[in-house]
Amino acid sequence: MATTREGRTQNALIHARIGDEDRMSTTAQGSQWLAQQVRWTLGHALPRIAIAGAARRDELHSQFVAQSSTPDPTGAGDRRLHHLMDRIRDQGPVPQGRYGYVTASHAVVRQVLSSNDFRTRIIRDRTSPLARLAAWSAANAPMGPLRPPSLLVTEPPEHTRYRKLVTRVFSAQAVQQLRTRTEKIADGLLGDLQRGEPGAAPVDLVASYCSLLPVTVIAEILGVPNSERQRLRAFGTSLAPSLDYGLPRRRFRAVERSLIGFDRWLAHHIERVRREPGDNLLSQLVAARDDDGSGLTDIELRSTAGLVLGAGFETTVNLLGNGIGLLHRHPDQRAALGDDPTLWPNAVDEMLRFDPPLFRTGRTAARDTTVAGRAIPQGTTVALLLAGANRDASVFAEPHRFDITRTNAKDHLSFSTGRHYCLGAALARMEGEVGLRTLYERFPRLDLTAGARRRGTRILRGYERLPARLKPTSA
Ligand code: HEM
């Protein structure tokens, strides 16, 4: 958790409503504290030990885990990560490592993500004492992206039902209608940026543009009033590590506190939307009914809206930042976009392929199965390196070359595939295209300056800071 003044302000915003409501009996508090300790030990402390051990091992997956867990503010370690993923792929379609199976093969990642033999959650043998302890500690964990009924970790039949209701609301047509509004939001933000540029001092594009555009768009989609958007952004920043593993204890506790604060805020917001429905997608989701007339329950609504909010801006901010970083390093491609703006949609897919905002995911075998001729026993985890699949030479020619004219750039797996395929893919693509095109059209001479910094999160990959000079040529 940040300790800067901005960080303290964020904490104050997040915890504004937590306080008196938190008072409970000493016994209940003790039990909650213990459950939290167990969650941290199983989900973070033990993986931390494993990561530390991995650094000392020669085996490739261990090296990958260690390297991808090492803070890398300059991004200099990326080349090594890609080299490791290439070597993992060279070992075969799905090599076995110390932490289960791993794959960087495009075909295998696709196969596992599309298979009914795999699940998104770790499936534990419920009879073992450790599994019972894990189940007990999880029972009162705060709502979050990795806790049911979050779409990300539910499976049919529940998943099919939620997804059907949500997809109706997030249709391609609904996204298309948001394009003009997104252009206006981008224009407004860039106008503020231009007016606020303090002389020749660089501006941080992440803080003043890349993070603001997606949060403003998603806030409109979910009917969040203007006055609460700053708070929403603070939640996003503090919740970004919630997908990570191996968090230190203080950070883990801070994330859980933020999850509780976010959930309370969501309950309050959904209540408001119920009372005063508006012309927004959350109002539609609240009213959405299945063929049998049933809608989402309160918990399902909070979980879905929370996931959409979190996923909606913590990933897209990375797409925008990573795109700017790539165009800075490839001025020829940037010039090509200036000459032919119709290249933008494909350029966004190439950015997603080359520097994916979500680096990896995983699945667990629900039953004994076979993948690429290899037997995978029930309960085993397969680490799916999305970033590695995107650089598989059997699908992408010269995979380590960033090329915005690549004809099959869209075949990347950065939005996953199968039943958990990203619900916001169309929205993210549109925001990436509109956000970046508008930025470069407005500031054709925009230039990054020293001081760029990558984020410390492990699964979500992007920039924390991107200082730039705008050098505008037009008002
Ligand atoms: C560049 C931006 C984005 C990237 C790279 C991204 C990536 C992903 C990935 C990889 C998954 C699936 C994870 C898995 O299979 O294990 C996913 C799921 C999801 N994403 Fe996104 N996402 C982005 C933007 C968005 C946006 C803007 C929204 C919100 C509107 C969104 C909402 C969701 C939801 C709700 C799911 C869960 C779907 C399910 O499990 O059925 N995402 N996303």
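Which residue in S8 is the bridge partner of threonine 364? I looked this up first and found that threonine 364 has threonine 381 as its bridge partner in S8. I note at the outset that this is a predicted model, and I read every entry below with that in mind.

**Entry: the five-stranded sheet**

I next followed the sheet to which this pair belongs. Strand S5 (residues 361-365) and S8 run antiparallel and are joined by four bridges. A further pair that I noted between them is threonine 361 with leucine 384, the latter lying in S8. Going through the neighbours in turn, I wrote down an open sheet of five strands, in the order S1-S2-S8-S5-S3, and its pairing is mixed. At the edges I found S1 and strand S3 (118-119), each of which pairs on one side only.

I then went through the sheet from the S1 edge. Strand S1 (residues 96-97) pairs with strand S2 (residues 100-103) in the antiparallel sense, over two bridges, and the hairpin that joins S1 to S2 passes through two residues. For this pairing I recorded glutamine 96, whose bridge partner in S2 is tyrosine 101.

On moving to the next pair I found a parallel one, in which S2 and strand S8 (residues 381-384) are held by three bridges. Here valine 102 has alanine 383 in S8 as its bridge partner.

At the other edge, S3 pairs with S5 over two bridges, in the antiparallel sense, and I noted that phenylalanine 118 has alanine 365 in S5 as its bridge partner. As background to these entries, I keep in mind that strands of a sheet pair through backbone hydrogen bonds, in either a parallel or an antiparallel sense.

**Entry: the three-stranded sheet**

I also looked up an open sheet of three strands, which has the order S4-S12-S9 and antiparallel pairing. Strand S4 (203-204) and strand S9 (447-448) are at its edges with a single partner strand each, so one side of each has no neighbour in the sheet. S9 and strand S12 (residues 467-469) run antiparallel and are joined by two bridges. In that pairing I found leucine 448 opposite alanine 468 in S12.

**Entry: a pair of helices**

How do the axes of helix H15 and helix H17 cross? I found that the axes of helix H15 (residues 316-329) and helix H17 (residues 344-354) come within 10 Å and cross at roughly 95°. H15 is therefore roughly perpendicular to H17.

I then listed the residues that meet: from H15 they are Leu319, Gly323, Leu326 and Leu327, and from H17 they are Trp344, Val348, Met351, Leu352 and Phe354. Sorted by character, the residues of this contact are eight nonpolar, one polar and no charged.

**Entry: enclosed space**

Rolling a probe the size of a water molecule over the atoms shows where empty space is left. I looked up the result for the whole structure, and the search finds one cavity of 30 Å³ or more, with about 30 Å³ of space in the largest cavity.

Which residues line the largest cavity? I wrote down Val112, Leu113, Ser115, Phe118, Glu155, Arg363, Arg419 and His420. This lining divides into three nonpolar, two polar and three charged residues. Comparing with my earlier entry, I noticed that Phe118 of the lining is also the phenylalanine 118 that has alanine 365 in S5 as its bridge partner.

Note on methods
Residues are numbered from 1 along each chain as its sequence is written. This is a predicted model: local features need pLDDT of at least 70, side-chain atom pairs count only at pLDDT 80 or more; totals for chains, interfaces and linings use all residues. Side-chain values use heavy atoms; hydrogens and water are left out. On a 1 Å grid over the protein atoms alone, a cavity is a set of points where a 1.4 Å probe fits but cannot get out, and a pocket is an open set with protein on both sides within 12 Å along at least five of seven lines; lining residues have an atom within 4 Å of a point. Grid points are joined across faces, edges and corners, and a volume is the space filled by probe spheres set on the points. Ala, Val, Leu, Ile, Met, Phe, Trp, Tyr, Cys and Pro count as nonpolar, Asp, Glu, Lys and Arg as charged, and the others, Gly among them, as polar. Axes are lines fitted to C-alpha atoms, for helices over the stretch in contact, and angles run from 0 to 180 degrees between N-to-C directions. Angles under 35 degrees count as roughly parallel, over 145 as roughly antiparallel, 65 to 115 as roughly perpendicular and the rest as oblique. Contact means heavy atoms within 4.5 Å. Two strands pair if DSSP finds at least two bridges between them.
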